[in-house]
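The following paragraphs go through one protein chain, beginning with a pocket and ending with a few backbone details. Please keep the sequence and the structure in view while reading.

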Amino acid sequence: SPYSTADLEKLDFTQSADVLFICHPDYQTRKLSRTGHTSWGFSEFEAIDGPWGPVNTTTTTLTPSATTGLSITITASALSGINNGTGFQTTDIGRHIRILSSRKWGSAKIIGRTSTTVVTAKVFTDFPFGATTATDNWRLGIWSDTTGWPTTSTFYQQRLFFANNAASPNTVWASESGNFETFSPTNNQAEVLDDSGLDLTLATDQVNAIRWMYGAKQLQLGTSDGPFIMSSGSDNLALTPSNVTSNRETTDGTTTKKPIGASRATIFIDRTRTKIRELAYNLEVDGFATPDLTLTVSYTHLTLPTSPYV
């Protein structure tokens, strides 16, 4: 593994049967897989088609040399819009590129960097480029050694969720429904479907860094400024790109330590690391509350009973 002893404190993981997904902000997410009693695998988690950063708003165009292939060239017309105007970097190797041409989204993974304006890439099989013409409709992947890797993950409603990297600490990314490795926000015809990948940023007055996620009846997000509840707004409906709400329930911030479930409540350590709190629905306030569960007991005097039957 790439982790040193100093990295252990920042490791976060979630598990699906015999596959463990391991997150660390400085390393590409890993998968630890068990396929037999003595058969194990440890590999980089290779996401497909995303997740994505914002769509380009500059005049810079990208031109792919081919619509498909394991090693094509993608050429930028300028540096503007790419890594704050610095162009492609060696740390972009492994990063994704999405290009809209001929009303069709295509995507690829950068496998080499020739210069600040030229990279080589491997086109994803299910997302070929629509044409080889220059276009300013493009976006770069949000995960990379340049922008950082997600720090926490969980499963919820048949999707694999990740959250919080250096570039977007208050953003949640979810896979397609039932397809844990594809994060496409649309199909290649630019249509947003109910089972498309999700890209959700907490819209508040502060940057609420997401420190953990917990999949219960609703998706719970522990942030630096209090827990959020993310849901479809109805117990009978699934979370979709067009049907999602997120609300901060209290201002009791959390640590990075994973919470645990206890019956219908979630137990977590608050940001001061001095209190244990319970996140649970409260009928009186018609919402979630986070009461302090910490109990301090001081014994100033103790008298032993004289009767052997006491």
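Strand β1 is the element that gives the most to the lining of the largest pocket, with three residues. The model shown here is a predicted one. The pocket in question has a volume of about 400 Å³. Its lining is made up of 16 residues, and those nearest the pocket centre are Glu 9, Lys 10, Leu 11, Asp 12 and Thr 256. Two elements give two or more residues to this lining, namely β1, which covers residues 12-16, and β15, which covers residues 210-215.

Now for the chain as a whole. It has 22 strands and zero helices. Along the principal axes, the C-alpha atoms fill a box of roughly 90 × 45 × 40 Å. The chain has 310 residues, and 45% of them count as buried. The exposed area is about 15800 Å², with 51% of it supplied by carbon and sulfur atoms. Of the contacts between residues at least 6 apart in sequence, 51% join residues at least 24 apart. The chain carries 23 positive and 28 negative charges, and the mean positions of the two sets are 3 Å apart.

What does the interior contain besides packed side chains? The count comes to one cavity of 30 Å³ or more. About 90 Å³ of space lies in the largest cavity. Its lining includes the aromatic residues Phe 45, Trp 143 and Trp 149, together with Gln 28, Glu 46, Arg 95 and His 96. Gly 50 and Pro 51 also belong to the lining of the largest cavity, and these two residues are joined by a cis peptide bond with omega of about -5°. Most peptide bonds are trans. Pro 51 sits in the loop that runs between β4 (39-44) and β5 (62-64).

Phe 45 and Trp 143, both in the cavity lining, are also among the contacts of Phe 162. Phe 162 belongs to strand β12, which spans residues 159-163. Is Phe 162 buried or exposed? Its relative accessibility is 0%, so Phe 162 counts as buried. Beyond its neighbours within four places in sequence, Phe 162 is in contact with residues from several parts of the chain, including Cys 23, Thr 29, Pro 150, Trp 173, Phe 183 and Met 213. Leu 293 lies 131 residues from Phe 162 in sequence, and the two C-alpha atoms are 29 Å apart in space.

Two loop residues remain, both with an uncommon backbone angle. Most residues other than glycine have a negative phi. Ala 17, in the loop between β1 and β2 (19-24), has a positive phi, near 55°. The relative accessible area of Ala 17 is 63%, which is over the 50% cut-off, and therefore Ala 17 counts as exposed. Ser 102 also has a positive phi, near 55°, and is found in the loop between β7 (96-101) and β8 (104-113). Because its relative accessibility is 57%, Ser 102 counts as exposed.

Note on methods: Residues are numbered from 1 along each chain as its sequence is written. This is a predicted model: local features need pLDDT of at least 70, side-chain atom pairs count only at pLDDT 80 or more; totals for chains, interfaces and linings use all residues. Side-chain values use heavy atoms; hydrogens and water are left out. Helices (H or I, at least four residues) and strands (E, at least two) are DSSP runs, numbered from the N terminus. Buried means under 20% relative accessible area, exposed over 50%, partly exposed in between (1.4 Å probe, protein chains only). Contact means heavy atoms within 4.5 Å. Accessible areas come from the Shrake-Rupley method with a 1.4 Å probe; for residues, only the protein chains shown count as cover. Lys and Arg count as positive and Asp and Glu as negative; His and the chain ends are not counted. The place of a charge is taken as NZ of Lys, CZ of Arg, CG of Asp or CD of Glu. On a 1 Å grid over the protein atoms alone, a cavity is a set of points where a 1.4 Å probe fits but cannot get out, and a pocket is an open set with protein on both sides within 12 Å along at least five of seven lines; lining residues have an atom within 4 Å of a point. Grid points are joined across faces, edges and corners, and a volume is the space filled by probe spheres set on the points.
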